[in-house]
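Work through the exercises below with the model open. Each task is followed by a solution in steps.

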Amino acid sequence: MAKGKVDALLGIVFGDEGKGKVVDVFTPRYDVVARFAGGPNAGHTIIFEGKKFVLRSIPSGIFDEGKLNIIGNGCVIAPDLFMAEAIELETAGYDLKSRLHISRRAHLILPTHRVLDRAYEAAKGKNKVGTTGKGIGPTYSDKASRIGLRVGDIQDNFEQKYQALKARHEQILRDLHFTDYDITEEEAKWMEGIRYMSEFPLRDTEFEINQALAEGKNVLAEGAQGTMLDIDHGTYPFVSSSSTCTGGVCTGLGVAPNSIGEIFGIFKAYSTRVGSGPFPVELFDETGEKIRDIGHEYGAVTGRNRRCGWVDIVGLKYAIMVNGVTQLIMMKSDVLDTFPTIKACVAYEKDGVRTTEMPYDTEGWEAVYEELPGWQTDLTQMTSPDQFPQAFKDYIDYLEKALERPITIVSVGPDRAQTIER
Ligand code: IMP
């Protein structure tokens, strides 16, 4: 961690890698914590002073007094959900308005964006993306179409702009014959959310971040989702709609590429995916069930079962390449404590063709595995790498060799204390 730099903490698989816990460990080391992409489709579970919070839009540095938290221009924000999330934190005693700045360039998720999300999914039949239903795709579409509403619009003739965009959405919904919806209550809450949000510092945050960097402060860019859900580099079209990779840090915060310092790539000792789309390592047997049960792999936002499988070296290598990952963080190692053997996917195979490079279209590829002995030891009480059983050390070595990056942090349980630096 260098002064005057932006370090990025990025999920490098399908999200849900446990970024919330790591950010919690990391934040004391940073002056500014910023979200650069995504919105309330994310759910970062954080246990702070014994109380559990699920942060969706608010950066995880919010618990520390004296830290500046930023919702950057690359994010999309739903005022009603933001208000609910913020009030919960305020009720718990955290003074948000002095610690949280929102970019005026971030885009607003309207209630009708959420209806459109549902309508587009319904129209897709069996090719549904399995979105979180938070209106993410339609909001980013409007941004790219240059018709979206930004946070800064709240300060200028807002009602008229809102009604114009809503009317446009209603017309699309009529064209799609998707008319069975009622947003009356939701809209009232949303407008209340707009009033509430306008009490926050709505700023040109790119200047604030660059000023902080010029003063030698350090910034943590807190990722959301993961590389495989990136709009460009993920398993398109089964992706989210934002840039979840390192490039997204620059565009989503307004910082130059040469201000990026460390790039932490976070993954689990196994793989999960929520929603539809290709997932070559998916296990449909009791091993997959066992990983889900032990790892409590149920979505933080939607409560859906996460699909589970072994670690995917093909995917991780691709993610390391497109993000320029400098250090790796392996989470939830303890979930594999009782397995007699562990597998790692080293290649994909389809129609007799084998590849170790992430294919353009991951549909229909099967995973080729290497097998390693399990450690069959309880890791959860361990506090230093010296205590690790040999088979677990071998698993770490194996991954480091395959991925050509150091694994500098290993997590062996949900508690902050179960985060071991190597
Ligand atoms: P959307 O972001 O709601 O449009 O959903 C697009 C895809 O990304 C779906 O497969 C979601 O399940 C997935 N997704 C979105 N956010 C997250 C997340 O925070 N963790 C895991 N998957 C996510």
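**Exercise 1.** Locate H177 relative to the helices around it, and describe its backbone and its exposure.

*Solution.* H177 sits in the loop that runs between α5 and α6 (184-197). The model is a predicted one. Next, read the backbone: phi of H177 is near 55°, a positive value in a residue other than glycine. Then check the accessibility. The cut-off for exposed is over 50% relative accessible area, so H177, at 71%, counts as exposed.

**Exercise 2.** Find N157 and assign it to one of the classes buried, partly exposed or exposed.

*Solution.* N157 lies in the loop between α4 (136-144) and α5 (158-175). N157 is not a glycine, yet its phi is positive, about 50°. For the class, take the limits: under 20% is buried and over 50% is exposed. The relative accessible area of N157 is 47%, and therefore N157 is partly exposed.

**Exercise 3.** Identify the peptide bond between Y236 and P237 as cis or trans, and place P237 in the chain.

*Solution.* Omega of the bond that joins Y236 and P237 is about 5°, and the bond is cis. P237 belongs to the loop between β10 and α8 (246-253).

**Exercise 4.** Describe the surroundings of strand β10 (residues 219-222), beginning with its two faces.

*Solution.* Start from the general pattern: in a regular strand, side chains alternate between the two faces of the sheet. In β10, V219 and A221 are on one side, with L220 and E222 on the other. These four residues are all buried, and both faces of the strand are covered. Now turn to the strand partners. Strand β1 (residues 6-11) pairs with β10 in the parallel sense over 4 bridges, and A8 stands opposite A221. Strand β2 (residues 32-35) also pairs with β10 in the parallel sense, over 4 bridges; here V33 stands opposite L220.

**Exercise 5.** Which side chains have N or O atoms at 3.1 Å, 3.2 Å and 3.0 Å from ligand atoms?

*Solution.* Begin with the shell: 16 residues surround the ligand, and the closest are D16, N41, T132, S240 and R304. By type, the shell divides into 7 nonpolar, 7 polar and 2 charged residues. Next, go through the atom pairs. The side chain of D16 has an N or O atom 3.1 Å from a ligand nitrogen. For Q225, the distance from a side-chain N or O atom to a ligand nitrogen is 3.2 Å. The side chain of R304 has an N or O atom 3.0 Å from a ligand oxygen. Finally, consider the cover: on its own the ligand has 470 Å² of accessible area, and the protein covers 96% of this.

Note on methods: Residues are numbered from 1 along each chain as its sequence is written. This is a predicted model: local features need pLDDT of at least 70, side-chain atom pairs count only at pLDDT 80 or more; totals for chains, interfaces and linings use all residues. Side-chain values use heavy atoms; hydrogens and water are left out. Buried means under 20% relative accessible area, exposed over 50%, partly exposed in between (1.4 Å probe, protein chains only). Two strands pair if DSSP finds at least two bridges between them. A residue is near a molecule or strand if one of its heavy atoms lies within 4 Å of it. A polar contact is a pair of N or O atoms within 3.5 Å; within protein, one must be able to donate a hydrogen and the other to accept it, and residues adjacent in sequence count only if both atoms are side-chain atoms. Accessible areas come from the Shrake-Rupley method with a 1.4 Å probe; for residues, only the protein chains shown count as cover. Ala, Val, Leu, Ile, Met, Phe, Trp, Tyr, Cys and Pro count as nonpolar, Asp, Glu, Lys and Arg as charged, and the others, Gly among them, as polar.
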